[in-house]
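Welcome, and please get your viewer ready. We will take the chain stop by stop, with something to select at each one.

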Amino acid sequence: MNKARDRCGLKGCSEPAEYVVELDGRLYMLCRGHFRALLKALEGLASSRGEASLRELSPEVLLSLKPVKVGGRRKQQ
Ligand SMILES: [Zn+2]
C-alpha cells in the first residue's frame, strides 16, 4: 500500500501540496503553482467587480486552474 503523501489535489498535478484551501465546505490541497493560479483567478474577479473572495470561486473553477510557474529568476522582458 502506498502511503499517500500530501499531493496537490488537482487533476494531473503531482506537485507536493503546500496550501490547503477550503471551498464549498471541502478542503483542497494545492501546490504552490496552483495556489498562485487561484490567487490570479481571485485577482481577476476583484478587478472586474472591485472585490472578491474565495467563496465566489466554484470548485469547477478551482479544478480548471492551470498552475502558474513559480520561482523563475529570469525577468520576462
Ligand atoms: Zn498543483
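Let us begin out at the surface. Select serine 14: it is exposed, because just 8 other C-beta atoms lie within 10 Å and a residue with 12 or fewer counts as exposed. Serine 14 sits in the segment before β1. Now add cysteine 31 to the selection and draw a distance between the two C-alpha atoms: they are separated by 8.5 Å, with their positions 17 residues apart along the chain. Keep in mind throughout that you are looking at a predicted model.

**The whole chain**

Zoom out and colour by secondary structure. You should find two helices and two strands, and from the N terminus on their order is β-β-α-α. If you colour by burial instead, 14% of the 77 residues count as buried. For the contacts with a separation of 6 or more, 42% come from residues 24 or more positions apart.

**The hairpin**

Next, select residues 19-23, which are strand β1, together with β2; the two strands pair in the antiparallel sense over five bridges. Residues 26-30 give you β2. Show the side chains and look across the pair: valine 20 faces methionine 29, and valine 21 has tyrosine 28 of β2 opposite.

Follow the backbone round the turn. The hairpin has two residues between its strands, and aspartate 24 is located in that loop between β1 and β2. What is the sign of phi at aspartate 24? Phi is positive there, at about 60 degrees, although the residue is not a glycine. That deserves a pause, since most residues other than glycine have a negative phi. Aspartate 24 is also exposed, because it has 12 C-beta neighbours inside 10 Å.

Go back to the start of the hairpin and pick tyrosine 19, a residue of strand β1. Is tyrosine 19 buried, exposed or partly exposed? Partly exposed: 15 other C-beta atoms lie within 10 Å, and the class falls between the limits of 12 or fewer for exposed and 20 or more for buried. Leaving aside residues up to four places away in sequence, tyrosine 19 touches Leu30 and Phe35. Cysteine 31 comes into view again here, as its C-alpha atom is 6.3 Å from that of tyrosine 19, and the two residues are 12 apart along the chain.

**Helix α1**

Select residues 32-49 for α1. A quick check with the distance tool: the 18 residues should span 26 Å at 1.5 Å a residue, and the end C-alpha atoms are 26 Å apart, so the two values agree. Highlight Gly33, His34, Phe35, Ala37 and Leu38, the buried residues of this helix. Turn the view to see their partners: the buried residues of α1 pack against β1, β2 and α2. Then step past the end of the helix to glycine 50, which follows α1 and has a positive phi, near 95 degrees.

**The nonpolar core**

Which residues make up the largest nonpolar core? Select these nine: Cys8, Leu10, Tyr28, Leu30, Cys31, Phe35, Ala37, Leu38 and Leu62. Both β2 and α1 supply at least two residues of this core, and α1 gives the most, with three. Some of these names are familiar by now: Tyr28 stood opposite valine 21 in the hairpin, while Leu30 and Phe35 were the contacts of tyrosine 19.

Center the view on leucine 62 and bring up its surroundings. With residues up to four places away in sequence left out, leucine 62 touches Leu23, Tyr28, Leu38 and Leu57.

**Helix α2**

For the last stop, select residues 59-64, helix α2. Valine 61 belongs to this helix. Valine 61 is partly exposed, because 14 other C-beta atoms lie within 10 Å. To finish, add alanine 41 to the selection: its C-alpha atom and that of valine 61 are separated by 8.6 Å, although the residues are 20 apart along the chain.

How values were computed:
Residues are numbered from 1 along each chain as its sequence is written. This is a predicted model: local features need pLDDT of at least 70, side-chain atom pairs count only at pLDDT 80 or more; totals for chains, interfaces and linings use all residues. A nonpolar core is a set of buried Ala, Val, Leu, Ile, Met, Phe, Trp, Tyr and Cys residues joined through C-beta atoms within 7 Å. Helices (H or I, at least four residues) and strands (E, at least two) are DSSP runs, numbered from the N terminus. Two residues are in contact if their C-beta atoms, placed from the backbone, lie within 7 Å. Two strands pair if DSSP finds at least two bridges between them. The expected span of a helix is 1.5 Å times one less than its number of residues.
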